[in-house]
Amino acid sequence: MSDRRQALYDRIRASSKDEVILEEMIRFGFWPAAGLPGDPAEEVRRQGELQQRLTALRAERDKLANVNELRREARKQRLRASKDKRRETKARRLRERAARAAAWRARQALELTFLGAEVSGGMQDTTCDRARLAAQGLPAFATAAEVAQAMGITVGELRFLAFARRASRISHYRRFTMPKKSGGVRAISAPMPRLKRAQHWLLAQILAKVPTHDAAHGFCAGRSIVTNARPHVGAAVVVNLDLQDFFPTVELPRVKGLFRALGYGEQVATAFALLATEPVTEAVELDGQVWHVAASAAARRLPQGSPASPAITNLLCRRLDRRLRGAATALGFTYTRYADDLTFSATAPAAVERAGKLLTQVRWLVGQEGFVVHPDKTRVLRRGRRQEVTGLVVNERLGVPRDQLRRFRALLHHLDRRGLEGARWGASGDVLTSAAGFASYVAMIDPVRGAPLVAEVARLAARLAPAR
């Protein structure tokens with residue numbers, strides 16, 4: 001029944017109600033199919049046709065409306081799809097970025113391929129000359145990660161200690177000045193504890209294993225100012241020279257070149273050189289913060305205060321020592337070096353006349369090796385006046401200058417008579433400790449004169465210790 005009713009509704013909707021009624025009346029015989037005079041059936045049919053056309057037009061209108069709606073819906077779907085794609089792309093890129101960051105962190109924990117602008121060229125080079133290193137008894141490190149492991153620190157800690165920053169709120173050095181005996185002040189850069197430990201490791205594991213020239217006596221095992229001065233005792237002439245700004249003259253490229261010459265590759269040599277040098281910085285205050293700003297990341301030099309600096313200069317001066325020894329021998333002189341103090345002496349009286357020629361050659365050779373002779377610290381000491389080498393008298397025998405001994409004996413007399421009040425010796429506030437150190441120093445130089453002084457200081461210390 002419902003199907004028949006629906007079919008009826010569809011017929012009415014397709015034409016008109018009157019036309020359907022007319023068709024049904026004709027079908028059931030209530031109205032003649034041929035029609036009658038004045039028959040309104042034509043009018044009904046005409047209205048049905050119009051209704052059909054109207055229905056078709058409405059359907060076309062609805063169809064057009066549906067197309068626009070479909071277009072709007074399609075546009076919305078495209079926008080939704082585009083947004084979904086952008087969200088998906090963003091999420092994918094975030095995942096990729098996180099993965100790259102994680103991979104970079106993992107690589108950073110194992111590798112050291114960048115230590116700052118201007119100093120990291122060639123850091124990809126992880127080769128080393130194992131045969132040359134083995135011949136010198138040096139450990140063969142190919143990568144900075146191997147260095148960090150040997151030091152007992154992480155790669156990140158090594159990067160922190162060696163990184164060449166253009167600006168930083170922290171400094172690996174504590175800088176201060178100390179007065180010089182000859183006047184003026186000496187700039188000291190004392191490394192902070194962590195860097196100092198790394199520099200001590202560098203000294204013990206690398207630098208100390210490489211032999212220096214036998215003319216070098218400063219900061220060498222088994223040598224001292226005594227061994228440096230002894231070859232010049234009883235000379236007819238003693239020539240003393242100083243190298244100006246000895247440690248600051250040695251810059252990063254020379255230090256790295258030293259490690260490269262030992263057999264290490266670019267990566268390890270760069271890390272070692274950065275650990276051993278300090279940046280040339282200026283302290284700038286900005287918004288209440290102090291920044292240490294470097295003019296250039298590559299502007300680095302040996303610090304006066306690092307435990308590794310003396311050993312590095314001794315190794316860098318090996319060729320200088322050879323050349324100066326050769327020039328001195330050719331002119332009849334003996335040559336020794338204690339850090340930046342150069343000493344030449346000759347026992348033959350005729351050699352005195354060649355001192356000027358020696359000085360000319362020495363200045364030229366020193367300049368060829370990248371150093372400068374201090375213009376105000378060159379002395380030619382002939383026999384008949386006090387001849388000193390690194391603070392020790394060498395005229396007839398090795399000894400401490402008499403004026404120092406007289407002042408020290410005056411100090412001991414003061415301590416014996418008046419106690420500690422007003423007593424001073426050296427820069428230390430602990431006068432008894434300073435006195436004991438000087439007495440031991442005299443005993444090392446001249447045991448005959450030094451032993452009584454050591455005993456006297458011990459006696460005074462026992463008596464005055466409660467008064468400290």
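This report walks through two sheets, a pair of packed helices and a few single residues in a predicted model.

## The four-stranded sheet

Let's start with the sheet that has four strands. They line up in the order β9-β10-β4-β11, the sheet is open, and the pairing is antiparallel. If you're new to sheets, here's the basic idea: strands of a sheet pair through backbone hydrogen bonds, either parallel or antiparallel. At the edges you'll find β9, residues 334-338, and β11, residues 379-382, and each of these pairs on one side only. Going from one strand to the next, the twist averages 15 degrees.

Now zoom in on β4, which covers residues 237-242 and pairs with β11 over four bridges, in the antiparallel sense. Look for Val239 there: it stands opposite Val380 in β11.

Two helices go with this sheet. Helix α13, residues 318-330, packs on the sheet and touches β9 and β10, the latter being residues 341-346. The direction of α13 makes about 150 degrees with that of β9. The other one is helix α14, residues 355-368, which lies across β4, β10 and β11. It runs at about 25 degrees to β4.

## The three-stranded sheet

Next up is an open sheet of three strands, ordered β1-β7-β6, with antiparallel pairing. Its edge strands are β1 (residues 167-168) and β6, each pairing on one side only.

How many bridges join β1 to β7? There are two, and the strands run antiparallel. One residue to find here is Ala167, whose bridge partner in β7 is Val293.

On the other side, β6 (residues 281-286) and β7 (residues 289-294) pair over six bridges, again in the antiparallel sense. Within this pairing, Val284 has Trp291 in β7 as its bridge partner. The two strands β6 and β7 make a hairpin with two residues between them. In that turn sits Asp287, with a positive phi of about 55 degrees. As for cover, β6 has hardly any: of its six residues, the number that are buried is zero.

## Positive phi in two loops

Most residues other than glycine have a negative phi, and most peptide bonds are trans. With that in mind, have a look at Asp245, which isn't a glycine and yet has a positive phi of about 50 degrees. You'll find Asp245 in the loop between β4 and α9, the helix at 246-249. Ala339 also has a positive phi, near 60 degrees, and sits in the loop between β9 and β10.

Is Ala339 buried or exposed? It counts as buried, because its relative accessibility is 11% and the cut-off for buried is under 20%. Asp245, on the other hand, is exposed, because its relative accessible area of 51% is over 50%.

Here are those two residues together with the two that come up below.

| Residue | Relative accessible area | Class |
|---|---|---|
| Asp245 | 51% | exposed |
| Glu456 | 25% | partly exposed |
| Ala339 | 11% | buried |
| Ser309 | 0% | buried |

## A buried serine

Ser309 belongs to helix α12, residues 309-316. At 0% relative accessibility, Ser309 counts as buried. So what is Ser309 in contact with, leaving aside its neighbours within four places in sequence? The list is Phe247, Ala276, Leu302 and Pro303.

## Two helices side by side

Last, the helix pair. Two packed helices are described by the angle between their axes and the distance between the axes. For α15 (residues 402-418) and α17, the angle is about 25 degrees and the axes are 10 Å apart. That makes α15 roughly parallel to α17, because angles under 35 degrees fall in that class. The crossing of α15 past α17 is left-handed.

Which residues meet? From α15 come Leu405, Phe408, Arg409, Leu412, Leu415 and Asp416, while the α17 side includes Arg449, Leu453, Glu456 and Val457. Sorted by class, this contact has eight nonpolar residues, six charged ones and no polar ones.

Glu456, one of the residues in that contact, has its place in helix α17, residues 447-464. With a relative accessible area of 25%, Glu456 is partly exposed. To get a feel for distance, compare Glu456 with Asp125: they are 331 residues apart in sequence and 61 Å apart in space, C-alpha to C-alpha.

Terms used:
Residues are numbered from 1 along each chain as its sequence is written. This is a predicted model: local features need pLDDT of at least 70, side-chain atom pairs count only at pLDDT 80 or more; totals for chains, interfaces and linings use all residues. Side-chain values use heavy atoms; hydrogens and water are left out. Two strands pair if DSSP finds at least two bridges between them. Axes are lines fitted to C-alpha atoms, for helices over the stretch in contact, and angles run from 0 to 180 degrees between N-to-C directions. Contact means heavy atoms within 4.5 Å. Buried means under 20% relative accessible area, exposed over 50%, partly exposed in between (1.4 Å probe, protein chains only). Angles under 35 degrees count as roughly parallel, over 145 as roughly antiparallel, 65 to 115 as roughly perpendicular and the rest as oblique. A crossing is left-handed if the near helix is turned anticlockwise from the far one by less than a right angle, and right-handed if clockwise. Ala, Val, Leu, Ile, Met, Phe, Trp, Tyr, Cys and Pro count as nonpolar, Asp, Glu, Lys and Arg as charged, and the others, Gly among them, as polar.
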